[in-house]
Amino acid sequence: MVERIRANWNQRQGVAGQTMVRFIIQRDGQIRSDDVEVIASSGYTTLDQAAQRAILFTKQLPPLPAAFPNATLPVRLNFQYQP
């Protein structure tokens, strides 16, 4: 999951910061745009938007395992930027 999201993320934004994003993975692995939100801002709109875009551009992950008991999986992901 992290590698797929990282492939869509531009870590180099010219400023250091950290953004925490919460999103929900559906049973089929889909990530819906209305299920993605910044829960801890870096203080820079550009960094926050880059983190959200990385998740939104990923759109689809592998389905949740059949043994997983819930219909969705909430995830928090921390994006750390280097200058």
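**Exercise 1. Determine which side chains make polar contacts with the side chain of Asp48 in this predicted model, and establish whether Asp48 takes part in a salt bridge.**

Solution.

Step 1. The side chain of Asp48 makes a polar contact with the side chain of Thr19 at 2.7 Å. A further polar contact joins the side chain of Asp48 to that of Ser41, at 2.5 Å.

Step 2. Asp48 is located in helix 2. With neighbours within four places in sequence set aside, Asp48 is in contact with Thr19, Val38, Ser41, Ser42 and Gly43. Both polar partners, Thr19 and Ser41, appear in this list.

Step 3. A salt bridge requires a side-chain nitrogen of Lys or Arg within 4 Å of a carboxyl oxygen of Asp or Glu. The nearest side chain of opposite charge to Asp48 is Arg53, 11 Å away. Asp48 is accordingly buried yet without a salt bridge.

**Exercise 2. Identify the salt bridges of the model and state how exposed each participating residue is.**

Solution.

Step 1. The count comes to two salt bridges.

Step 2. One of them joins Arg22 to Glu37, with the closest N and O atoms 3.3 Å apart. This pair links distant parts of the chain, as Arg22 belongs to strand 1 and Glu37 to strand 2, with their positions 15 residues apart in sequence.

Step 3. Arg22 has a relative accessibility of 26% and so counts as partly exposed. Glu37, at 38%, also counts as partly exposed.

Step 4. Asp35 forms a salt bridge with Arg32, and here the closest N and O atoms are 3.6 Å apart. Because its relative accessibility is 15%, Asp35 counts as buried, the limit for that class being under 20%. Arg32 is partly exposed at 37%.

**Exercise 3. Derive the arrangement of the sheet: give the strand order, the sense of pairing and the edge strands.**

Solution.

Step 1. The sheet is open, consists of three strands in the order 2-1-3, and has antiparallel pairing.

Step 2. Strand 2 (31–40) and strand 3 (72–81) stand at the edges; each has a single partner strand, so one side of each is left without a neighbour in the sheet. On average, neighbouring strands of this sheet are turned by 25 degrees against each other, direction ignored.

Step 3. Strand 1 (residues 17–26) pairs with strand 3 in the antiparallel sense over ten bridges. Within this pairing, Gln18 has Gln80 of strand 3 as its bridge partner.

Step 4. Strand 1 and strand 2 also run antiparallel, joined by five bridges. Phe23 stands opposite Val36 in strand 2. The hairpin of strand 1 and strand 2 has four residues between the strands, and Gly29 takes a positive phi near 95 degrees there.

Step 5. Helix 2 is then placed relative to the sheet: the helix lies across strand 1, strand 2 and strand 3, and runs at about 150 degrees to strand 2.

**Exercise 4. Classify Thr58, Ala40 and Pro74 as buried, partly exposed or exposed, and describe the surroundings of each.**

Solution.

Step 1. Thr58 is found in helix 2, which spans residues 45–58. Its relative accessibility is 10%, and therefore Thr58 counts as buried. Apart from neighbours within four places in sequence, Thr58 is in contact with Arg4, Ile5 and Asn8.

Step 2. Ala40 lies in strand 2. At 34% relative accessibility, Ala40 counts as partly exposed. Under the exclusion of neighbours within four places, its contacts are Gln18, Thr19 and Met20. Ala40 and Val21 are 19 residues apart in sequence, with a C-alpha to C-alpha separation of 7.0 Å.

Step 3. Pro74 belongs to strand 3. Pro74 has a relative accessible area of 52% and is therefore exposed, since that class begins over 50%. Beyond neighbours within four places in sequence, Pro74 is in contact with Phe23 and Ile24. Pro74 and Leu47 are 27 residues apart in sequence and 22 Å apart in space, C-alpha to C-alpha.

Terms used:
Residues numbered from 1 in each chain as written. Predicted model: local features only at pLDDT ≥ 70, side-chain atom pairs only at ≥ 80, totals over all residues. Heavy atoms only, no water. Helix = DSSP H or I, 4+ residues; strand = E, 2+ residues; numbered from the N terminus. Buried < 20%, exposed > 50% of the residue type's maximum accessible area, 1.4 Å probe, protein only. Contact = heavy atoms within 4.5 Å. Pairing = 2+ DSSP bridges. Axes fitted to C-alpha atoms, helices over the stretch in contact; angles between N-to-C directions. Lys, Arg positive; Asp, Glu negative; His and termini not counted. Polar contact = N/O pair within 3.5 Å; in protein donor to acceptor, adjacent residues only side chain to side chain.
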